[in-house]
Amino acid sequence: MAEHTSSNIIIDAAPAEVMAVIADFDRYPEWTGEVKLAEVVSRDTEGRAEEVRLVLDAGAIKDDHTLAYTWGGPDQVSWTLVKSQMLRAIDGSYTLRPVDGGDRTEVTYRLTVDVKIPMLGMIKRKAEKVIIDRALDGLKKRVESGPAV
């Protein structure tokens, strides 16, 4: 099993509000530091993103790639790599858990990245950690700032 990096954060909003922001890929460049472009390529029968093209600039990891998304009910989404210029693999997930009676949400972000070029494991883990921390911080700020206009 490949090594992964994970982290969690508490967001002052119900899980449905958090998932609505996670599922709104068009707005990713507004709140994620690393995603410069997000384009939904295809949707499932429920209208959720099935494949998404992302242009990523995360310092050591810069790429234009497409991810396939799997929606595990209202509180979980995972993704895996379809195609990429630089990445061999990128697997991740968001898992939401209601806390404090459902008024707050614990978000766990799990990520595994493998690049085509040789890179020390500790550098990959550091890049994963940067991606996760910035994404969770951005998600928290975006959700807690209220509905998007």
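## The β6–β7 hairpin

In this predicted model, strands β6 and β7 run antiparallel and are paired through twelve bridges. One of the facing pairs puts Arg 97 opposite Glu 106, the latter sitting in β7. The two strands make a hairpin, and four residues fill the gap between them. Have a look at Asp 100 in that turn: its phi is positive, at about 55°.

## β5 on the other hairpin

β6 also pairs with β5, which covers residues 76-84. Here the count is four bridges, and the strands are again antiparallel. Gln 76 has Thr 95 of β6 as its bridge partner. This pair of strands is a hairpin too, with two residues making the link from β5 to β6.

## Two neighbours: Ser 93 and Tyr 94

Ser 93 belongs to β6. Is Ser 93 buried or exposed? Its relative accessible area is 11%, and the cut-off for buried is under 20%, so Ser 93 counts as buried. Leaving out residues up to four places away in sequence, Ser 93 touches Gln 76, Val 77, Ser 78 and Trp 79, along with Thr 108, Tyr 109 and Arg 110.

Tyr 94 has its own list, with the same sequence neighbours left out. Its contacts include Asp 75, Gln 76, Val 77 and Trp 79, then Val 107, Thr 108 and Tyr 109. Tyr 94 also touches Ile 22 and Trp 31, plus Ala 135, Leu 136 and Leu 139. As a general point, side chains in a regular strand alternate between the two faces of the sheet.

## The nonpolar core

Which residues touch the most other members of the largest nonpolar core? Tyr 94 and Leu 139 do, out of 39 residues in that core. The largest share of the core comes from α3, which puts in six residues. Tyr 94 and Leu 139 also touch each other.

## The cavity

The structure has one cavity of 30 Å³ or more, and the largest cavity comes to about 240 Å³. Its lining has 17 residues, and those closest to the centre are Tyr 28, Val 35, Leu 54, Tyr 109 and Ile 131. Tyr 109 is a name we have met already, as a contact of Ser 93 and of Tyr 94.

By type, the lining splits into 14 nonpolar residues, two polar ones and one charged. At least two lining residues come from each of β3 (49-58), β4 (61-71), β6 (87-99), β7 (104-115) and α3 (121-144). β4 gives the most, with three residues.

Definitions and conventions. Residues numbered from 1 in each chain as written. Predicted model: local features only at pLDDT ≥ 70, side-chain atom pairs only at ≥ 80, totals over all residues. Heavy atoms only, no water. 1 Å grid on protein atoms, 1.4 Å probe; cavity = no way out; pocket = protein on both sides within 12 Å on 5 of 7 lines; lining within 4 Å. Points joined across faces, edges and corners; volume = space filled by probe spheres on them. Nonpolar A, V, L, I, M, F, W, Y, C, P; charged D, E, K, R; others polar. Core = buried A, V, L, I, M, F, W, Y, C linked by side-chain atoms within 4.5 Å. Buried < 20%, exposed > 50% of the residue type's maximum accessible area, 1.4 Å probe, protein only. Contact = heavy atoms within 4.5 Å. Pairing = 2+ DSSP bridges.
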